[in-house]
Structure formats: structure tokens, C-alpha cells
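I opened the model today to look up chain dimensions, the chain contact and one helix pair. My notes follow.

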Amino acid sequence: MAKRIDVSGLSAYYGTTRAIEDISMTIEPRSVTAFIGPSGCGKSTFLRTLNRMHEVIPGARVEGKVMLDDENLYGANVDPVAVRRSVGMVFQRPNPFPTMSIYDNVAAGLKLAGVKKKSVLDGVVEKSLQGANLWNEVKDRLNKPGAGLSGGQQQRLCIARAIAVEPQVLLMDEPCSALDPISTLAVEDLIGELKSQYTIVIVTHNMQQAARVSDRTAFFNLAGVGQPGKLVELDDTPRIFSNPSVQATEDYISGRFG
Amino acid sequence: MTSSPPATSAGRDRRPRRDSRVGDKIFFNLSRGSGILLLVIMAAIAGFLAYRSGLALSKDEGNFLTTFEWTPDAPKPVFGIAVLAFGTVISALVAMAIAVPVAIGVALFISHYAPRRIAQPFAYLVDLLAAVPSIVYGLWGALYLVPHINGLTAWMDQYLGWTYVFKTTMPGATPRNLFTVGILLAIMVLPIITAVTREVFRQVPRMHEEAALALGATRWEMIRTAVLPFGRPGIISASMLGLGRALGETIAVATVLSANNVLSLHILDPGGGTFAQNIALKFGEALPFGRDALMASGLVLFVITLLVNGAARLIIARRKEYSA
């Protein structure tokens, strides 16, 4: 079910401001691709164009093409709602629905898709929570509110919610930046397990994290203040961190700027 | 040398602290004073009502709770709240049944559907509705709504008559009934409910809305999964505010309703009464004892409002752990 993402000539705008310019890249299925780069370089914006979440911001629009296998996500007849069902997303801050129980949070996506049968929901909830390494911690309190969990548990709950609908791609926007080191480790381990089934794209400010979890790393940068962000290079992670082909990448990962 | 730096820093520390302590004291006492004042006023009103009611109730020859008539100044004083309580509750229920869904819709339109440049003036317009004096609503109700609503009531009689509630036994009578009052009250409470729910909907964290959208929710599904549950306590509180106004509305009801002491579940039949309307209507001509009797009915309205608010608090508290 994991699919390949093929982006070509993609630019994204907020109103008249161009946030990212002319990005093309291929993201392989069943791999983890990390986006790194200084703040404001457009990596989160780019991530959000991959499931058409960019355009929910008033005035925001996208030019270019994103192919998921052989379907253009920005094709004329493509429903953004359908795109978001096949490309899941985990956000920077854990955002379980505060009014829902743990169970209902995980089942939320399925219920939106019209699944009503309790036995099906039960099965998916358990499978997803197990997939998110959270089952053992919450199996006795599935009907308690999701907001009552710790930050790290909440983020794994959000991952469970995202994978419950069996997306083809999982996007993660700095999923560990609000978590303590132990919870971060738990989520990173989880990413390692999930990549056998999903195409995973993760934005991170933490370069050690990129080095630890990803197979491929893309470095984004912007030419200056007010300039749109660009993809500088995308390569195998070990190569980016040992012998990048662009000087700016090396400057960034060695801490000379950013 | 060694002692001077701590001394200066201590001196520096002390001065702003002393200043702020004075400010703290003033504001502490001010806010505590306001709180106490509120309790004193509430106690004074309740005490006054209870005292005067007591005077009247001890001489009531009928059953205060079940009597339909209101003749406290007769040689043999008989008065009861049955008709008033029924009319008050029914007209307020009709008002809430109409106003709450419409208010939620308007609030959602302003907070989530309308483009910003339309939403702002539109919200202002709704707020403006709240500034119209109730006598104006009353006059509009009597002069426009009553003569024009016959079509609707006839339709309801014909197609919804089987519900008993919407059956009319006096077809063609001027519709100065509890249903018309309910519609009028609905319009009057709409702005306050809309204003409060709108603010609550605006406060729904963006990240919860995005969570729903990212799961593949349409806009309406996003509102159902993220916005409405989050706004639920606010919707209840807003409805309580509106209900308070609907229960206590006086002059608009008095202008529209043709009051009598008939208690009928046919809410399209003219007649009935409400607490506030009855007080407004009878106070002028009442003798001192009759006024005490009216106070007693006011006390009942006070208690009903208290009970309804208490029930709403319970509903909100029951789901407390699920509120953000």
C-alpha cells in the first residue's frame, strides 16, 4: 500500500508571497525521507502540499504536480478530502481530539469514512494502537479522554489515529519537537517499524534525528530573507551527513549556520 | 563594599514591590467587594421576594401551585401559578427550539463559512439585533407577526395537528397564542446565543480543526468532529443566557399574548400567560395584597431559572474531563 511520491516543479504561495519555489523530488515507498533546513525555509509548507493541507489556509495555493504513483494529487478532478485519506499526517504538537476518548480518537478517521460496525472498529483500534506501540499502556482505559495521556503518549495516539485509516503515505511535521527525549526515542523506534509498510516523510529540526531515522535526507534552504525556500539537495542520509555534494549543506549540518 | 551591593539590590527590590502591594490590595478589595455586593443584592432580592410572598401565600384560599385563577384581590383571595408556569415554560421552549439551531447555524456561518469581509459586518448586524428594545419587538409582533402568521398556523394545524400540540380548537382565531410568543422570543434571544456561540467557535484551536481535515474530513465533518464538540459547553451556556431572557421577557409577551387563565396544550389556541407578562399586566391595578401575590409568582420564576441553570451546570460538569 505504500506509494511513491514524485514531485515536479512545485511552488506554494501564501497570498502573493511565494513560500517555496520549483521543487522537484522523488520519494521512494517504504522508506523514511527527512526534510532538514533552517526555520522558514519552507519544509513544513512543502510537506503540507503533499496532502493538500497547504490550501486550507485562506489565500494559500499551489502550482506544480505531485504524483502519488500515477495519480496527480493536484489533478482537476481530484478531491482534496480523498487525498488526505490516503496521505496521513502527524503534527508538531500532539492534537488528539480533546472531546473524544482514546478509542474514539483512533476510530475517528474510520467513522468519517463511514465504517460503523463495532467489531471492525474494535479490531482496527487495537491494531492501530499496537502499531503505534501504545496498546499496552492504554488498553485498560480506552474510554478515558485522549487528552489525559502524557505528551509522548498523545503523539503516539495521533500516529495511531493516522495509521488507522491505512494511508499510503505518512507525513510527520516535527513530530518530536514537543516531546521529551524518552518519548522522542519511542516515536523514533516507531517510525523505524512503520517504514516497512508506509512511505514516511518527516520534517525535523534535529539533525541527529534525521541521521537516526531516515534513509534519505533532503536539505532545504532559502537564498535570503523574503526569498522563497528551495530544495538544495536530496541524497542518501549517510552521504548527506558525511559527504554532501553542496557546500551549503555541509555548512548547515556542521553548524556553521542555521 | 561587600555589604553595599546586596543593600542596593534589596532596596531596588523593595520599592516596586511595595508599590505593587498597594495596587494588589486595592484590586483585591475591589474585586472582593464586588463579589460581596453581588451576594448581598441577590440575598436582598430573594429575601424581599420570600418575605412578601410569605405574606400573600398564607392567605391564599386556593392551591398556589395548581390553581388556574389569579384573583388575589377578591374578597376570598384565590390565586395560583399553574397557567403562568406552563405558559412561561412552553413559550420559552418554543423559543429555544427555534433559536438554538438557527443561532448555531449563524455562528458557524460567521466563524467558519463566510469570507472575512462578509463575516465581520454580518456579526455586527446580529449584535445590533440585541440592541432593539423589547417593546419594539412587541409592537412588531402585535402589528406584523400576528396578522401574518395565520397561514403558518393553519398549515401546522392541518399537517401537524395529529401531534395534539399543534391542533387548534379555534381555527381562524387571532393567533395571539403561546406559539407566536415563542417565535417572537426566539428572534429576541437569537443575538445573544449567536454572539456567545460564535466566540466559542472562534476559539476552537486551529490544530484540532487541522487534525480533522488531515484525516480526510470535509468541512462539515470537520465542524462535527472538532468544532461542535469543543463548543458544546459554550452552546449550553449561551442557550442558558437566552433561556433566561426568554423566561423573563415581559413587555413583548404582554403586547402579543391575549392572556387568560386557560391551561391548554394546544399551543396554537389563543390564551395562556407567563409570569412576567402577568406581573406587568396586573401590577398597576393590584392592591397591596395583590402585589404581594405577584411577588410570589416572581419568586417562582426566580426558582425556575435557578433550577434550569443548575441543570445546565450539571450537564457541563458531567463531561468536564472531556473539555479542552
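I started with the radius of gyration of chain B, which is 26 Å, where a compact globule of 324 residues would come near 20 Å. I keep in mind that this is a predicted model. Along the principal axes, I find the C-alpha atoms of chain B in a box of roughly 95 × 60 × 35 Å. I looked up burial next: 38% of the 324 residues of chain B count as buried.

I then read off the fold of chain B. I count eleven helices and two strands. The order along the sequence is α-β-β-α-α-α-α-α-α-α-α-α-α. I took the contacts in chain B between residues at least 6 apart in sequence, and 73% of them join residues at least 24 apart.

Next I turned to the contact between the chains. I see 19 residues from chain B and 22 residues from chain A. On the chain B side, helix 7 (206–214) and helix 8 (219–248) are the elements that give two or more residues. Helix 7 of chain B has the largest share, six residues. I sorted that side by class: eleven nonpolar, five polar and three charged residues.

Last, I checked a helix pair in chain A. The axes of helix 3 (residues 102–112) and helix 4 (residues 118–131) of chain A come within 9 Å and cross at roughly 110°. I therefore log helix 3 of chain A as roughly perpendicular to helix 4 of chain A. Their crossing is right-handed. From helix 3 of chain A, I list A:Tyr103, A:Val106, A:Ala107 and A:Leu110. They meet A:Leu121, A:Val124, A:Val125, A:Ser128 and A:Leu129 in helix 4 of chain A. By class, I note eight nonpolar, one polar and no charged residues in this helix contact.

How values were computed: Residues numbered from 1 in each chain as written. Chains lettered and ligands numbered in written order. Predicted model: local features only at pLDDT ≥ 70, side-chain atom pairs only at ≥ 80, totals over all residues. Contact = placed C-beta atoms within 7 Å. Helix = DSSP H or I, 4+ residues; strand = E, 2+ residues; numbered from the N terminus. Nonpolar A, V, L, I, M, F, W, Y, C, P; charged D, E, K, R; others polar. Axes fitted to C-alpha atoms, helices over the stretch in contact; angles between N-to-C directions. Parallel < 35°, antiparallel > 145°, perpendicular 65-115°, else oblique. Left-handed = near helix turned anticlockwise from the far one by under 90°. Rg over C-alpha atoms; globule rule 2.2 N^0.38 Å. Buried ≥ 20, exposed ≤ 12 C-beta atoms within 10 Å, placed from the backbone.
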